[in-house]
Amino acid sequence: MSKNRTSPDFVIIIAILLLVTIGVIMVYSASAAYAHHNYGDSLYYAKRQLLFAAVGVFLMFLTAQVDPKLFVRWAKPGLLLCFLLLLVVLIPGVGILRNGARSWLGIGAFSIQPSEFTKLGMIAFLARYLSENASRLHSFFRGLLLPLSVIGAAFGLIMLQPDLGTGAVLVGTGIVMIFCAGARMKHLIGLAMVGLAGFAGLVLAAPYRIQRIAAFLNPWQDPLGAGYQVIQSLYAVGPGGLFGLGLGMSRQKHLYLPEPHTDFIFSILAEELGFLGAGTVILLFAVLVWRGLRVAIAAPDRFSALLAVGVSAMIAIQAIINIGVVTGAFPITGITLPFLSYGGSSLILTLTGAGILLNLSRMIR
């Protein structure tokens, strides 16, 4: 790795800080009514999100300063630790059950979501493996079988929770990295076909997923059941118009739209800030991903390039899925919007990943 270190990418820093600031404001606006109704404190979620943001931004700048060799050194041990946590979270009485998913570890209000950290651990592992075995990637069995098996094992453990949204982001990010590393197109097309078959099997294996697909195709078929979230989300997005109803003026956040401050925060943002506000957020994501890919293209070595691709792909895929869900373009998967949605593990993990991008940006001119 290059020893020449410059200043981190200023555009990435600005885009991230703007997204985090918008996120804290929107968490307060989206959660105020819900928090007052449940806890008697309209700032309940906003105060916690501000704390998560402070910790995440600190870790982002800390990660931006460490020796890049640490990313290589800890790639394998870090992923092993993530796998261990994925196993521990499945133990009844140890893993915390929320909204039907056993995805958290912790005590009381302090908890972490191992699947979120697995995404970053997987990116580091794949960047190391794919960079060290570049000459083998033309062969399925000698080059691709191992990383695909590791991705499949992680996906399987995440699905036991179950958490299809996080699993989809992990798999999608891994495939993007494998493609950028130089895998043969025929292998990727074969994987896509197997993946579609597997996805169909997962949908058919769980009745609630079939209901979500049906609600996606026609939410009005069951407006008070499976289609309720989609309809309420569209009721928020539609009236926003060009300029929105005004910050704090959302109607849907008043106990109509479930999870207004987490999975569906973009709906409230579109309702209150309109097309201009929603478009600004999308533009900030686009700028962030563009600068991340710029770092990957100019990176001094293969590992750094793949690491930057992985972090950029993770943010892009998760944002696309979340925005697609709240606008009715994709079936509901239950996934947060990076930097904006309420949640400590997701925000801190994403900001740490952004710190890796900033670190790698210091090696290019």
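Which residues do ring pairs link into a cluster? Keep that one in mind while we take a lap around the whole chain; note that this is a predicted model.

**Stop 1: the whole chain**

Show everything as a cartoon. You should be able to pick out 13 helices and three strands. The radius of gyration is 20 Å, close to the 21 Å that the globule rule gives for 365 residues, so the chain is as compact as a globular protein of that length. If you draw a box along the principal axes, the C-alpha atoms fill roughly 55 × 45 × 40 Å.

Now try colouring by burial. Of the 365 residues, 51% are buried. Switch on a surface and you're looking at about 16,400 Å² of exposed area, with carbon and sulfur atoms supplying 70% of it.

Want to see how the chain folds back on itself? Take the contacts between residues at least 6 apart in sequence: 72% of them join residues at least 24 apart.

One more overview: colour the charges. There are 24 positive and 12 negative ones, and their mean positions sit 12 Å apart.

**Stop 2: the ring cluster**

Back to the opening puzzle. Select Y34, Y39, Y44, Y45, F52 and Y342, and show their side chains: these are the residues that ring pairs link into a cluster. Across the whole structure, a search turns up 10 aromatic pairs.

Zoom in on Y39 and Y44. Their ring centres are 3.8 Å apart and their planes meet at 5°, so this pair is stacked. Then swing over to Y44 and Y45, an edge-to-face pair with 5.0 Å from centre to centre and 85° between the planes. Y44 takes part in both the stacked pair and the edge-to-face one.

How buried or exposed are these three? Y39 is partly exposed, at 44% relative accessibility. Y44 has a relative accessible area of 19% and is buried; the cut-off for buried is under 20%. Y45 is buried as well, at 8%.

**Stop 3: A124 and its contacts**

Next, select residues 114–132. That's helix α5, and A124 is found in it. With 15% relative accessibility, A124 counts as buried.

What is A124 in contact with, leaving aside its neighbours within four places in sequence? Add F71, A75, F303 and L307 to your selection, and you have the answer.

To finish, pick L62 and put a distance label between its C-alpha atom and that of A124: the label should read 17 Å, for two residues 62 apart along the chain.

Key: Residues numbered from 1 in each chain as written. Predicted model: local features only at pLDDT ≥ 70, side-chain atom pairs only at ≥ 80, totals over all residues. Heavy atoms only, no water. Helix = DSSP H or I, 4+ residues; strand = E, 2+ residues; numbered from the N terminus. Rg over C-alpha atoms; globule rule 2.2 N^0.38 Å. Buried < 20%, exposed > 50% of the residue type's maximum accessible area, 1.4 Å probe, protein only. Contact = heavy atoms within 4.5 Å. Areas by Shrake-Rupley, 256 points an atom, 1.4 Å probe, with all protein chains shown as cover. Lys, Arg positive; Asp, Glu negative; His and termini not counted. Charge placed at Lys NZ, Arg CZ, Asp CG, Glu CD. Phe/Tyr/Trp six-rings, centres within 6.5 Å; stacked < 30°, edge-to-face > 60°.
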